[in-house]
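User: Hi! Could you walk me through this model? I'd like to begin with the cysteines.
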Amino acid sequence: DARNRPSMATKIVAAIRALRPHQWVKNVLVFVPLVVSGDTSNPTAWLAAILAFFAFSFTASSIYLLNDLTDLDADRSHPRKRARPLASGALPIAWGMWMMPLLAVLGLGLAYVAGGLLFLLLYAILSISYSLDLKKRALYDVFALAALYTVRMYGGGDMSGHSPSTWLLAFSVFLFLGLALMKRVAELLGTEGNKLKRRGYRQIDAPLLMASGIASSFGACLVLALYLDSDEVRVIYEQPFGLWIIVPLMLFWQLKLWHKTIRGKMTDDPIVFAAKDRVSWVVGALCLAAALIAGY
């Protein structure tokens, strides 16, 4: 019946929703190497970083559409996922079929222009592998998630001409592994059954995941403290002592997220959750202020 078909406006809104633009906040990581390098007045580097941001965002949206197209039957029987644009019928399947390759071409094209095509290919391969198989395997999944975060950051740094230092990579590995473990703990605590559906975890695994995640959070702060005591910081900042406030701020922020997770309030991906969280914004502002006070 033509009267029940979604209007063009509804289709456009559904198409935008299908891209999951709220997930693009993760790709802000591409700017981190440029910001911490101190070369923030370089317009060429910023342009390359912006291209990297949209390259990762378009590629991620393409993969989201691929997942939605391949999981239509499962999503339609899921209490929450059945509201997704493709599963609900708000977005025609034909639209998803042409949007997916178009976004992939746009993402890879922007990466090629910015000189980071290999990073986008690595991200796409790892992301698809995670969606098809790794997310079902205990521990493999959280390391894959941490790797996806790290590839974003390293790729953005390489494209902007500021490849991350060993310190930044070590910090990111611990930080992102902790956030990935936090995501799984939140899912385990939020499920009523003994086993997490389509994941390789049972309720008995929660203490291990929680202990490992909190240890990773402390590990990230330890690496940060060692970095702040290094000669590299003294070269970049005029008053590096002012940066030390960032260490307790980062530890407080991560423990605050863990506290919310344990109480069942971590309802989304931790990074997406943090982007909407008032405490996270305050901590971020204080860290930025400390960096500005320390001076480049």
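User: How many disulfides does a search of the whole structure find?

Analyst: Zero disulfides turn up in a search of the whole structure, where a disulfide is a pair of cysteine sulfur atoms within 2.5 Å. Before we go on, this is a predicted model, where local features need pLDDT of at least 70 and side-chain atom pairs count only at pLDDT 80 or more, while totals for chains, interfaces and linings use all residues. Residues are numbered from 1 along each chain as its sequence is written, and side-chain values use heavy atoms, with hydrogens and water left out.

User: Thanks! Why is Cys 221 not bonded to the closest cysteine sulfur?

Analyst: The closest cysteine sulfur belongs to Cys 287 and is 9.7 Å from that of Cys 221, which is too far for a bond. Cys 287 is likewise in no disulfide.

User: And is Cys 221 buried or exposed?

Analyst: Cys 221 has 4% relative accessibility, so it counts as buried. The cut-offs are under 20% relative accessible area for buried, over 50% for exposed and partly exposed in between, with a 1.4 Å probe and protein chains only. Cys 287 is buried too, at 13% relative accessible area.

User: Let's do helix packing. At what angle do helix 10 and helix 12 pack?

Analyst: Helix 10 (residues 206-228) and helix 12 (residues 246-262) pack at about 170 degrees, and their axes are 9 Å apart. That makes the two helices roughly antiparallel. On terms, angles under 35 degrees count as roughly parallel, over 145 as roughly antiparallel, 65 to 115 as roughly perpendicular and the rest as oblique. Axes are lines fitted to C-alpha atoms, for helices over the stretch in contact, and the angles run from 0 to 180 degrees between N-to-C directions. Helices are DSSP runs (H or I, at least four residues), numbered from the N terminus.

User: Which residues make that contact?

Analyst: On the helix 10 side they include Leu 209, Gly 213, Phe 218, Cys 221 and Leu 228. Helix 12 brings, among them, Val 247, Met 250, Gln 254 and Trp 258. Contact here means heavy atoms within 4.5 Å. By class, there are 16 nonpolar, three polar and no charged residues in the contact of helix 10 with helix 12. Ala, Val, Leu, Ile, Met, Phe, Trp, Tyr, Cys and Pro count as nonpolar, Asp, Glu, Lys and Arg as charged, and the others, Gly among them, as polar.

User: How does helix 12 pack with helix 14?

Analyst: Helix 12 and helix 14 (residues 278-294) pack at an angle of about 170 degrees, with axes 10 Å apart. This makes them roughly antiparallel. Residues of helix 12 including Leu 249, Phe 252, Trp 253 and Lys 256 meet residues of helix 14 such as Val 283, Leu 286 and Cys 287. That contact divides into ten nonpolar, one polar and one charged residue.

User: Switching to the start of the chain: which residues are buried in helix 1?

Analyst: Lys 11, Ala 14, Ala 15 and Ala 18 are buried in helix 1 (residues 8-18). Seen down the axis, they fall within an arc of 105 degrees, so they line one face of the helix. The arc is that of the directions from the helix axis to the C-beta atoms. These buried residues pack against helix 3 (43-70), helix 5 (85-88) and helix 6 (93-114).

User: What about the face turned away from the buried side?

Analyst: That face of helix 1 carries the exposed residues Ala 9 and Val 13.

User: I'm also curious about backbone angles. Which residue with a positive phi follows helix 1?

Analyst: Helix 1 is followed by Arg 20, with a positive phi near 55 degrees. Arg 20 sits in the loop between helix 1 and helix 2 (32-37), and its 15% relative accessibility makes it buried. Most residues other than glycine have a negative phi. Leu 139 also has a positive phi, about 75 degrees, although it is not a glycine. Leu 139 is in the loop between helix 7 (117-132) and helix 8 (140-159), and is partly exposed at 41%.

User: One last thing: what does Ser 131 touch?

Analyst: Ser 131 touches Ile 63 and Asn 67, not counting residues up to four places away in sequence. Ser 131 lies in helix 7 and is buried, with 12% relative accessible area.
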